[in-house]
Amino acid sequence: MTKFIIRRILISIPVLIGISFLVFMIMQLAPGGPMAAFGQNPRMTAEQRAAIAHNWGLDKPVLEQYVTWFFSMFRGDWGTSFVTRQPVTQLILDRLPATLLLMLTAYIIQQLIALPLGILSALKRYSLTDKVLTVLTYIGFSMPTFWLGLILVYTFAANLKWFPSGQITNPRDPAFNSATYWPWFAANPLTAIGSLAAHLVLPIITLIVVNVAADSRYMRSSMLETINQDYIRTARAKGLKEGTIVRRHALRPALLPVVTNIALTLPALLGGAVVTESIFQWPGMGLLFISSITAADYPVMIGIVFLLSAFILVFNIIADVTYAIIDPRIRY
Amino acid sequence: MIDSTQKITTPAQAPRNNDAGEITTQTRSQAYEFWLRYRRHQMAVFGTILFGLLILIALLGPFIVPEPVVNTATMFQLKNKPPSLEHPFGTNVNGLDVLGLVVYGARISLFLSVLAMLVACAVGTVIGIVSGYFGSWVDAVLMRIADVFLSVPLIFVLLLASRFLVNPPPEGGTGSNGVEDSSLRSIILLPLIIGLLTWPAVARLVRSVTLSVKQQEFVTSARALGSKDGRIMFLHILPNVINPVVVAGTLIVGQNIVLEAFLSYLGYGIQIPLRSWGTALAQSQNEFVNGNWWWAFFPGFFILLTVLAINFIGDGLRDALDPRNKR
């Protein structure tokens with residue numbers, strides 16, 4: 001097992017290097033190159049620009065720049081933002097809690113809805129419930145997420161005023177994760193949690209609709225496959241109650257592929273972060289990323305892409321390993 | 001669609017079907033067989049009709065609906081008008097007819113998404129066949145490259161690559177960038193970028209089909225007859241991978257429509273004066289306070305309809321093109 005995990009991790013290293021190269025080349029080849037942020041400043045002379053380029057080693061050969069850059073990324077030196085002059089790692093760490101709060105809550109709720117729906121759909125195959133759910137999953141799966149977010153904001157925030165239209169805290173409360181936030185949180189825990197919950201509702205719905213549709217379909221087909229196996233028929237022939245059959249005999253094998261799928265969908269959720277955060281002005285990494293694009297703030301952009309890619313690779317490994325652990329048929 | 005009605009005479013045997021000793025059979029062409037299976041998939045037929053209508057809107061609509069161009073003279077009178085007979089989908093904050101935005105956006109959105117899909121399918125098919133056919137180190141290298149693209153957060157990298165869509169800052173740092181120029185850049189480069197980032201899914205699929213096809217006898221016999229690698233790959237193997245690529249390609253178009261719409265909505269995709277469905281509803285949420293829901297609703301609703309139709313078609317194609325589903 002250990003050998004399998006080590007091999008799996010070793011395979012991921014060239015992929016991570018490849019990702020860093022891809023991202024680096026996008027920065028190099030895009031108009032203006034890494035210096036694009038300064039190209040827009042009319043008060044800067046060509047000499048000043050050349051001096052910056054020289055200072056940063058941007059006049060060296062591209063490959064040499066890449067190697068230098070890669071090793072400093074590796075050492076944890078991700079540079080400073082062109083805009084705020086703060087270290088990129090600090091900027092990202094400040095924004096990470098908001099993103100994680102949104103992602104993890106959405107992730108749990110998504111599974112709590114998708115799995116029962118899929119099982120229900122499979123057990124009542126071709127019934128009216130199944131057909132309605134099938135049509136709904138098609139619609140959910142085809143949903144342009146950002147548009148759904150807009151419609152939710154219009155209906156439930158702008159019109160009905162049930163939920164706030166965006167942000168993570170009320171304007172009069174301390175900003176989320178700021179120096180004053182946590183003392184305030186400790187002083188009024190109920191108000192703070194209530195406010196967070198109210199701000200979470202619409203972003204979470206936006207974030208999970210597509211995934212719930214996809215995951216419930218996946219659960220449905222996995223359940224259908226198991227329920228048609230011979231041993232289930234045997235269990236029925238023995239006169240076991242349908243509920244017992246479903247819970248004890250069918251559910252566990254049907255959940256096997258689903259567990260892998262669950263690990264694989266977390267990265268997809270991270271991708272959805274940029275969409276949801278931009279619609280709801282949720283102060284997480286996605287919003288930070290979007291604000292850094294216009295400014296051509298490459299250190300921030302690259303740092304975020306790099307971190308997310310690493311996340312994705314780690315979850316791919318976790319998916320492979322859990323699958324190997326829980327499925328006794330797999331020999332590694 | 002029935003190709004021909006053939007008469008097969010069976011001279012030696014006793015007449016079975018009619019007095020003349022002939023059995024009438026109908027030869028069904030492959031296409032007809034496909035159509036019979038496709039027709040059975042109700043949602044696919046519905047999707048096809050819906051998609052056909054959307055194509056008609058994209059092709060003919062611009063001859064009926066005037067192009068949405070900001071007119072400073074009438075802008076304030078026409079601002080934020082709710083849906084009416086004159087403007088069925090209402091108008092936006094700039095006094096533009098939302099129906100016009102939808103109709104003109106359909107052209108760009110569909111064109112771009114299909115083009116990006118073609119790029120992804122072309123690159124993915126070639127790499128997939130080469131990778132599966134040669135195996136060994138070629139396969140290992142190509143598939144690691146595919147892994148790189150598959151492990152990258154797509155939307156983030158697309159946004160990063162949107163830097164290509166901006167014009168290079170002119171030497172000396174100041175001056176405005178040509179508007180026409182940047183919209184032309186966006187319509188050419190954006191589908192290329194999307195295609196070049198999404199090919200690995202196709203490549204993986206094609207590779208797996210190639211791996212099984214290359215083991216079959218007709219490939220061995222072609223090789224025995226002295227066919228070169230290139231000929232085997234693109235004459236013998238390629239026809240076998242087309243069906244799955246068609247299915248995947250269909251679904252990719254739907255995915256591209258949503259991707260493009262989001263990028264353009266943020267302002268990092270198609271650049272105005274060209275208009276896609278994404279640019280059509282950019283900034284629309286700012287008018288929610290004025291009660292304007294139609295501006296955001298209609299372009300997005302058309303995105304949903306299109307993607308839904310495409311997903312139905314893709315599912316129907318999958319069922320109809322897979323010979324194992326033959327009933």
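Reader: How many cavities of 30 Å³ or more does the structure hold?

Author: A cavity is a set of points, on a 1 Å grid over the protein atoms alone, where a 1.4 Å probe fits but cannot get out. Points are joined across faces, edges and corners, and a volume is the space filled by probe spheres set on them. This structure holds one cavity of 30 Å³ or more, and the largest has a volume of about 40 Å³. The model is predicted: local features need pLDDT of at least 70 and side-chain atom pairs pLDDT 80 or more, while totals for chains, interfaces and linings use all residues. Residues are numbered from 1 along each chain as its sequence is written, chains are lettered from A and ligands numbered from 1 in the order written, and side-chain values use heavy atoms, without hydrogens and water.

Reader: Which residues line the largest cavity?

Author: Lining residues have an atom within 4 Å of a point. Here they are L117(A), G118(A), S121(A), L133(A), T137(A), S216(A), R217(A) and R220(A). Two or more of the lining residues come from each of α5 (88-123), α6 (128-141) and α9 (189-227) of chain A. Helices are DSSP runs of H or I, at least four residues long, numbered from the N terminus.

Reader: Which residues have the most contacts inside the largest nonpolar core?

Author: A nonpolar core is a set of buried Ala, Val, Leu, Ile, Met, Phe, Trp, Tyr and Cys residues joined through side-chain atoms within 4.5 Å; buried means under 20% relative accessible area (1.4 Å probe, protein chains only). The largest core here has 169 residues, and F146(A), F289(A) and L159(B) have the most contacts inside it. Helix α3 (residues 98-134) of chain B gives the most to this core, with 18 residues. Contact means heavy atoms within 4.5 Å. Beyond four places in sequence, the contacts of F146(A) include V275(A) and I279(A) on its own chain, and F262(B) and Y265(B) on chain B.

Reader: How is the area buried between chain B and chain A read?

Author: Buried area is the accessible area (1.4 Å probe) that two parts lose on being put together, summed over both. For these chains it is about 4300 Å², with 80% from carbon and sulfur atoms. F156(B), L160(B) and R163(B) supply 19% of what chain B buries against chain A, more than any other three residues. The contact takes 49 residues from chain B and 50 from chain A.

Reader: Is S292(A) buried or exposed?

Author: S292(A) is buried, at a relative accessible area of 2%. Its place is in helix α12 (residues 285-294) of chain A.

Technical notes:
On a 1 Å grid over the protein atoms alone, a cavity is a set of points where a 1.4 Å probe fits but cannot get out, and a pocket is an open set with protein on both sides within 12 Å along at least five of seven lines; lining residues have an atom within 4 Å of a point. Buried means under 20% relative accessible area, exposed over 50%, partly exposed in between (1.4 Å probe, protein chains only).
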